[in-house]
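Hi,

Here is the structure I promised to pass on. Have a look at it first, and my notes on what turned up follow underneath.

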Amino acid sequence: FQVEDAKAETQSKQNHFELDCFKQLMARENLRFENEKEDLLVLFAISEQQNWTWYETYLLAKETAVGHVISTKRMKQKLNQKPAASGFSNAEQTIIREAKSKSAMQFLAEIKKTKHATITRGERQCLQELANLGLLDEVINVILLLTFNKVNSANLNEKYALKAANDFSYQKIFSAEEAVVYIRERYQTQHSKKAAKDFAPKNNVPSWSNP
């Protein structure tokens, strides 16, 4: 009954983190810790910072879990999301909506279906590695789309996807909206550099003769 009444507890905020209740729900839904001691420190901190009950903290842990393993990295990413920006084209709005509505595995499966292909073991492992970086599924989905658009193949170019994921992680991209904006701006920068190079005046003087 203690576990079933958890939702009612959200109505009255409690400072005490009910760890036993938290673990009961974990057991019922087959969730587990990656490193219990370290994860609990982060969970306590999140609960205190957000002024959440243990149940509210659990809901975020469940939403951001990777393969039934609680990911405190992804929990922090979710909390760091900014309000949705505006000014997206219709195509960009479609990408963002689809990226947010599906898990990374579902999103990849739909892309592979259009290519009449199935998900490989290597691709499953790649998704796991992307999630282990702490990236949320909505960001991973944008990376998947970027990768398939960049490399025309029925299979995911895992090296390119991981390279992009490392870049996104370094840039602290927490949402599909931020991912789309980053790709747009990066493309525009690359395009303008290429245009400047193409239209730069040519001369026959060898570079070694420059001062």
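Before the helices, one cut-off: a residue is called exposed when its relative accessible area is over 50%, and buried when that value is under 20%. Keep in mind too that this is a predicted model.

Let's start with H3. On one side of H3, Lys-37, Glu-38, Leu-41, Glu-48 and Gln-49 are exposed. The buried set of H3 is Asp-39, Leu-40, Val-42, Leu-43, Ile-46 and Ser-47. Those buried residues span an arc of only 165° around the axis, so they sit on the same side of H3. Their packing partners are H2, helix H4 (54–64) and helix H5 (72–79). As for length, H3 has 15 residues and runs 21 Å from its first C-alpha to its last, close to the 21 Å expected at 1.5 Å a residue. Just after H3 comes Asn-51, with a positive phi of about 55°.

H8 can be read in a similar way. Which of its residues are buried? They are Glu-123, Cys-126, Leu-127, Leu-130 and Ala-131. Looking down the axis of H8, you find these within an arc of 135°, so they line one face of the helix. The cover over them includes H5, H7, H9 and H10. H8 has 12 residues and reaches 17 Å between its first and last C-alpha, close to the 16 Å expected at 1.5 Å a residue. Gly-134, just after H8, takes a positive phi of about 100°.

Leu-127 of H8 also leads into the cores. The largest nonpolar core has 31 residues, and Leu-127, Leu-135, Ile-140, Ile-143, Leu-144 and Phe-168 have the most contacts inside it. Two or more residues of this core come from each of helix H6 (90–101), helix H7 (104–114), helix H8 (121–132), helix H9 (137–150), helix H10 (158–170) and helix H11 (176–198). H9 is the biggest contributor, with seven residues. If you leave out residues up to four places away in sequence, Leu-127 touches Ala-104, Met-105, Leu-108, Ile-140 and Leu-144. Another core lies apart from the one just described; this one has 20 residues, among them Leu-43, Ala-61, Ile-70 and Met-75. Leu-43 is also one of the buried residues of H3. As background, nonpolar side chains in soluble globular proteins tend to be buried together.

Last, the aromatics. With ring centres within 6.5 Å as the criterion, the count comes to five aromatic pairs. One of them is Phe-17 with Phe-22, a tilted pair at 5.4 Å centre to centre and 40° between the planes. Phe-17 counts as buried, at 10% relative accessibility, and Phe-22 is buried too, at 0%. Phe-17 also pairs with Phe-44: the ring centres are 5.0 Å apart and the planes are at 80°, so this pair is edge-to-face. What does that pair link? It joins distant parts of the chain, 27 residues apart: Phe-17 lies in the loop between helix H1 (6–9) and helix H2 (19–28), and Phe-44 in helix H3 (residues 36–50). Phe-44 is partly exposed, because its relative accessible area is 33%. Together with Tyr-58, the residues Phe-17, Phe-22 and Phe-44 form one aromatic cluster.

Cheers

Key
Residues numbered from 1 in each chain as written. Predicted model: local features only at pLDDT ≥ 70, side-chain atom pairs only at ≥ 80, totals over all residues. Heavy atoms only, no water. Phe/Tyr/Trp six-rings, centres within 6.5 Å; stacked < 30°, edge-to-face > 60°. Buried < 20%, exposed > 50% of the residue type's maximum accessible area, 1.4 Å probe, protein only. Helix = DSSP H or I, 4+ residues; strand = E, 2+ residues; numbered from the N terminus. Core = buried A, V, L, I, M, F, W, Y, C linked by side-chain atoms within 4.5 Å. Contact = heavy atoms within 4.5 Å. Expected span 1.5 Å × (residues − 1). Arc of directions from axis to C-beta.
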